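Hi everyone, thanks for making time this morning. I'd like to walk you through a structure, a few spots at a time, so please have it open in front of you.

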Amino acid sequence: MNSKEGGATVFEYRDQLLRVNIPDQENSYVVFRDGSIYTVIQQEGSTIVMDAGSAMKSMGVNAASAVPSDINAEVVSLEKTGRTEKVAGINGDVYELKFVDDNGQDRTEELVLSDDSRALEFRDALFQMLEIAATLTSSVAPTNAQSMQDQLKGLDAGMLRFGSEFT
């Protein structure tokens with residue numbers, strides 16, 4: 001996933017397993033599985049594994065910061081524009097999303113959605129990550145994210161691009 005700041009985060013996923021690299025830290029990553037979050041860090045030739053979920057739970061840290069907060073938005077409307085776009089070699093349809101952001105402001109963004117199996121798996125991995133992080137931190141993300149998740153599942157689509165936030 002490329003962010004608007006130019007940074008890249010690699011998401012690897014299969015079924016209920018999700019691994020997210022830690023930017024600028026070679027061979028270090030976060031694993032979301034079994035309802036928790038584990039951090040694996042390579043340091044001075046040693047591998048350190050931490051149960052980050054337990055630490056987050058006690059500190060109230062937000063683990064889903066790699067995902068744009070607007071993905072948790074309350075969807076007002078999601079309409080197909082009739083345009084198509086190719087992202088990472090995958091064809092998708094361009095949609096206009098109208099939503100209410102975390103500050104209660106009305107916003108509009110373009111999304112590129114696809115029914116390609118890779119986009120669907122990525123969608124499920126993102127929402128799984130948000131759900132685990134929110135559960136561990138007693139956040140409201142699953143409730144807010146449900147609006148977007150319902151829209152995407154209803155269209156049987158996954159995201160290839162979210163405005164300029166990520167591709």
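I'll start with the overall layout and then move to individual residues.

One thing to keep in mind throughout is that this is a predicted model. The chain has 3 helices and 9 strands. If you read from the N terminus, the order is β-β-β-β-β-α-β-β-β-α-α-β. The chain is 167 residues in length, and 43% of them count as buried. As for the outside, the chain exposes about 9300 Å², with carbon and sulfur atoms supplying 42% of that. And here is a number on how the chain folds back on itself: take the contacts between residues at least 6 apart in sequence, and 50% of them join residues at least 24 apart.

Let's go to strand β3, residues 29-33. Is this strand mostly enclosed or open? Four would be a good number to remember here: 4 of its 5 residues are buried, so β3 is largely enclosed by the rest of the structure. On one hand, β3 is joined to strand β2, residues 17-21, by 4 bridges, and the two run antiparallel. In that pairing, N21 stands opposite Y29 of β3. On the other hand, β3 pairs with strand β4, residues 36-43, again in the antiparallel sense, over 5 bridges. There you can find V31 standing opposite Y38 of β4.

While you have Y29 in view, look at its ring. The charged end of R19 sits over that ring, 3.6 Å from the centre.

Now follow the chain from β3 into β4. The hairpin has 2 residues between its strands, and D34 in this hairpin takes a positive phi near 55°. Why do I point that out? Most residues other than glycine have a negative phi. There are two further spots to look at with that in mind. A88 has a positive phi of about 55° although it is not a glycine. You'll find A88 in the loop between β6 and β7, and A88 is exposed, with a relative accessible area of 74%. Then there is D156, also not a glycine, with a positive phi near 50°. D156 is in the loop between α3 and β9, and at a relative accessible area of 43% it is partly exposed.

Back to β4 for a moment, and to I41, which is found in that strand. I41 is buried, with a relative accessible area of 19%. What does I41 touch, once we set aside its neighbours within four places in sequence? Its contacts are Q25, S28, S46, T47, I48 and M50. You can also check I41 against E26: they are 15 residues apart in sequence, and their C-alpha atoms are 8.7 Å apart in space.

Strand β4 comes up again when we look at A52, in helix α1, residues 52-59. A52 is buried too, with a relative accessible area of 14%. Beyond its neighbours within four places in sequence, A52 is in contact with I37, Y38 and T39. From A52 to F32 is 20 residues along the chain, and their C-alpha atoms are separated by 9.8 Å.

Next, the aromatics. How many aromatic pairs does the structure hold? There are 3. The one I'd like you to find is Y13 with F122, a tilted pair at 5.8 Å centre to centre, with 40° between the planes. Y13 lies in strand β1, residues 11-14, and F122 in helix α2, residues 117-137, so the pair ties together parts that are 109 residues apart in sequence. Which of the two partners is buried? F122 is, with a relative accessible area of 11%, whereas Y13 is partly exposed at 26%. If you widen the view, ring pairs link F11, Y13 and F122 into a cluster.

My last stop is S77, in strand β6, residues 74-87. S77 is buried, with a relative accessible area of 19%; the cut-off for buried is under 20%. Apart from its neighbours within four places in sequence, S77 is in contact with E96, L97 and K98.

That's my tour, and I'm happy to go back to any of these spots with you.

Notes: Residues are numbered from 1 along each chain as its sequence is written. This is a predicted model: local features need pLDDT of at least 70, side-chain atom pairs count only at pLDDT 80 or more; totals for chains, interfaces and linings use all residues. Side-chain values use heavy atoms; hydrogens and water are left out. Buried means under 20% relative accessible area, exposed over 50%, partly exposed in between (1.4 Å probe, protein chains only). Contact means heavy atoms within 4.5 Å. Accessible areas come from the Shrake-Rupley method with a 1.4 Å probe; for residues, only the protein chains shown count as cover. Rings of Phe, Tyr and Trp (its six-membered ring) pair if their centres lie within 6.5 Å; planes under 30 degrees apart count as stacked, over 60 as edge-to-face and the rest as tilted. A charge sits over a ring if NZ of Lys or CZ of Arg is within 6 Å of the ring centre and within 35 degrees of the ring normal. Two strands pair if DSSP finds at least two bridges between them.
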